[in-house]
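Here are some notes to read with the model open beside you. They go point by point, starting with charged pairs and ending with a few odd spots.

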Amino acid sequence: MNNIYLDHNATTNIHPKVLDAMHDIAEYGPINPSSIHTSGQKGKALLEESRKLLSSLLGFSEKRRDYQIIFTSSGTEANNFVISNFLDYDIFISSTEHVSIYEYSKRFGNVHLIKVNRNGILDLDDLTLKLKNSQSATKLVSVMLANNETGIIQPIDRICQIAHEHDALMHSDCVQAIGKINVDISELDLDFITISGHKFGGPIGAGALITKAQHHLRPMIIGGGQEKSLRAGTENVMAIVGLGIASQLAKEEMLNRALKMNKLKSKLERGITSKKAKIVGANVQRLPNTSLIINQGKKSELQIISLDLKGISVSAGAACSSGKLMESHVLSAMGYNKQEMDSAIRVSLGFNTTEQEIDEFIKIYNEING
Ligand code: PLP
């Protein structure tokens with residue numbers, strides 16, 4: 001059997017139809033959407049088409065002009081961008097945010113960490129109390145919809161409601177949720193959301209910050225007037241086209257993908273025989289594709305290497321760019337001890353994961369973990 005890739009929360013396959021569309025753009029020749037000539041105009045039209053496809057996935061119409069899409073290079077950039085606009089605000093984030101929110105706002109902002117419970121769900125009383133006690137007239141709440149390590153889904157509608165009741169703006173990092181569960185930005189009444197194309201069938205190199213149009217942001221990257229002067233730099237047209245097509249496909253296929261992944265995830269979790277193994281967040285709503293498995297006493301690193309030697313790619317929940325494992329601030333915030341944190345592996349499925357791959361994973365996981 002070929003390599004079994006079960007690390008789709010890190011990055012997932014580029015959908016073949018996305019590849020086709022990107023290939024067509026590459027074949028067309030040079031495109032810079034800022035140019036006046038025909039090729040530049042084509043670039044502009046391609047960007048607008050991608051905006052339309054993305055807005056349709058997120059449940060709003062760009063035409064109504066109540067939300068706008070600012071393309072970025074990544075989810076990380078979009079997260080840094082939104083926080084960079086509110087450094088003089090009181091910022092309230094969950095203690096399980098992605099590092100691009102967590103580290104950036106801790107480093108530069110006036111940040112308040114909101115507790116989560118043992119299941120990783122935000123403590124709404126703690127959020128309410130901290131918002132109430134804030135002396136600041138300007139506040140931002142930033143809570144992710146779904147966690148990248150555990151897949152745990154936050155009650156984001158309720159969190160958004162509490163934020164607005166306390167006159168705070170609401171941002172949600174929806175990078176892991178998009179394409180896996182339905183996200184309707186206007187129904188949720190979110191002020192800002194972050195997305196990233198390479199997590200749902202697009203290429204690495206295109207993400208977006210989506211904002212209610214009434215909020216006027218300052219750019220973080222300054223230069224040419226791209227993206228209505230909100231994000232300078234020649235747009236990565238090929239990747240943005242890929243993001244657009246990936247959005248269209250995610251909208252069309254989401255339900256089937258979610259049903260399929262959920263079924264496989266349940267099979268995987270049921271198939272684990274080790275008595276010591278436990279699934280993080282087993283009793284709360286999680287993404288249909290993510291299982292974080294703790295098997296106390298079995299080091300994550302050893303498990304990952306053993307699985308890799310058998311042709312299976314998974315990760316620990318948290319890894320830094322050097323490939324070394326870091327202590328997970330997510331599991332730590334949920335109250336797991338060091339031994340538990342050191343023995344977690346994340347298995348994340350993709351829309352193309354097959355039942356045979358899951359059967360093979362179960363067999364090898366059980367052999368390794370006894
Ligand atoms: N937010 C979450 C929840 C993520 O999982 C990731 C990536 O893993 C990011 C943000 C960053 O996205 P990108 O890889 O596009 O920078």
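1. A salt bridge here is a side-chain nitrogen of Lys or Arg within 4 Å of a carboxyl oxygen of Asp or Glu. With that in hand, look at Asp-7 and Arg-346, whose side chains meet in just such a bridge, at 3.1 Å from N to O. Asp-7 sits in the loop between β1 (4-5) and α1 (16-28), while Arg-346 belongs to strand β12 (residues 344-348), so this pair ties together parts that are 339 residues apart in sequence. Are the two partners buried or exposed? Asp-7 is buried, and Arg-346 is buried as well. Do keep in mind that this is a predicted model.

2. A second pair to click on is Glu-355 and Lys-267, a salt bridge with its closest N and O atoms 2.9 Å apart. Glu-355 is in helix α13 (residues 355-369) and Lys-267 is in helix α9 (residues 237-271), so the bridge ties together parts that are 88 residues apart in sequence. What about their accessibility? Glu-355 comes out at 40% relative accessibility, so it counts as partly exposed. Lys-267, at 23%, counts as partly exposed too.

3. Next comes Asp-342, which pairs with Lys-338 in a salt bridge at 2.9 Å, N to O. Asp-342 has a relative accessibility of 23%, so it is classed as partly exposed. Which residues are joined into one network by salt bridges that share partners? They are Lys-299, Glu-327, Lys-338 and Asp-342. As background, side chains of opposite charge can pair when their charged atoms come close. For the model as a whole, the count comes to 17 salt bridges.

4. Now for a charged residue without such a bridge. Lys-265 lies in helix α9. Lys-265 is buried yet has no salt bridge, and the nearest side chain of opposite charge, Glu-269, is 4.9 Å away. The cut-off for a salt bridge is 4 Å between a side-chain nitrogen and a carboxyl oxygen. What does Lys-265 touch, leaving aside residues up to four places away in sequence? The answer is Arg-286, Leu-287, Pro-288, Asn-289, Thr-290, Ser-291 and Leu-349.

5. Stepping back to the overall charge, the protein carries 40 positive and 40 negative charges. The mean positions of these two sets are 3 Å apart.

6. The general build is worth a look too. There are 13 helices and 12 strands in the protein. Its C-alpha trace spans about 65 × 55 × 35 Å along the principal axes. For 370 residues, a compact globule would have a radius of gyration near 21 Å, and the protein's value of 21 Å agrees with that. Of the 370 residues, 57% are buried. Among contacts with a separation of 6 or more, 69% are between residues 24 or more positions apart. The accessible surface is about 16,100 Å², and carbon and sulfur atoms account for 51% of that area.

7. For a view of the interior, go to Met-170 in strand β6 (residues 168-173). Its relative accessibility is 0%, so Met-170 counts as buried. Not counting residues up to four places away in sequence, Met-170 touches a set of residues including Leu-140, Val-141, Ile-156, Cys-160, His-164, Leu-190 and Phe-192. How far is Met-170 from Ile-272 in space? The C-alpha atoms of these two are 39 Å apart, with their positions 102 residues apart in sequence.

8. Another strand residue to find is Gln-68, in β2 (residues 67-72). Gln-68 has a relative accessible area of 17%, so it is buried. The C-alpha atoms of Gln-68 and Arg-270 are separated by 43 Å, and the two residues are 202 apart along the chain.

9. Last, two backbone spots. Most residues other than glycine have a negative phi. Asp-167 has a positive phi, near 60 degrees, and its place is in the loop between α6 (156-165) and β6. Asp-167 is exposed, with a relative accessible area of 63%. Ser-229 also has a positive phi, about 65 degrees, although it is not a glycine. Ser-229 lies in helix α8 (residues 226-229) and is partly exposed, with a relative accessible area of 44%.

Note on methods
Residues numbered from 1 in each chain as written. Predicted model: local features only at pLDDT ≥ 70, side-chain atom pairs only at ≥ 80, totals over all residues. Heavy atoms only, no water. Helix = DSSP H or I, 4+ residues; strand = E, 2+ residues; numbered from the N terminus. Rg over C-alpha atoms; globule rule 2.2 N^0.38 Å. Buried < 20%, exposed > 50% of the residue type's maximum accessible area, 1.4 Å probe, protein only. Contact = heavy atoms within 4.5 Å. Areas by Shrake-Rupley, 256 points an atom, 1.4 Å probe, with all protein chains shown as cover. Lys, Arg positive; Asp, Glu negative; His and termini not counted. Charge placed at Lys NZ, Arg CZ, Asp CG, Glu CD.
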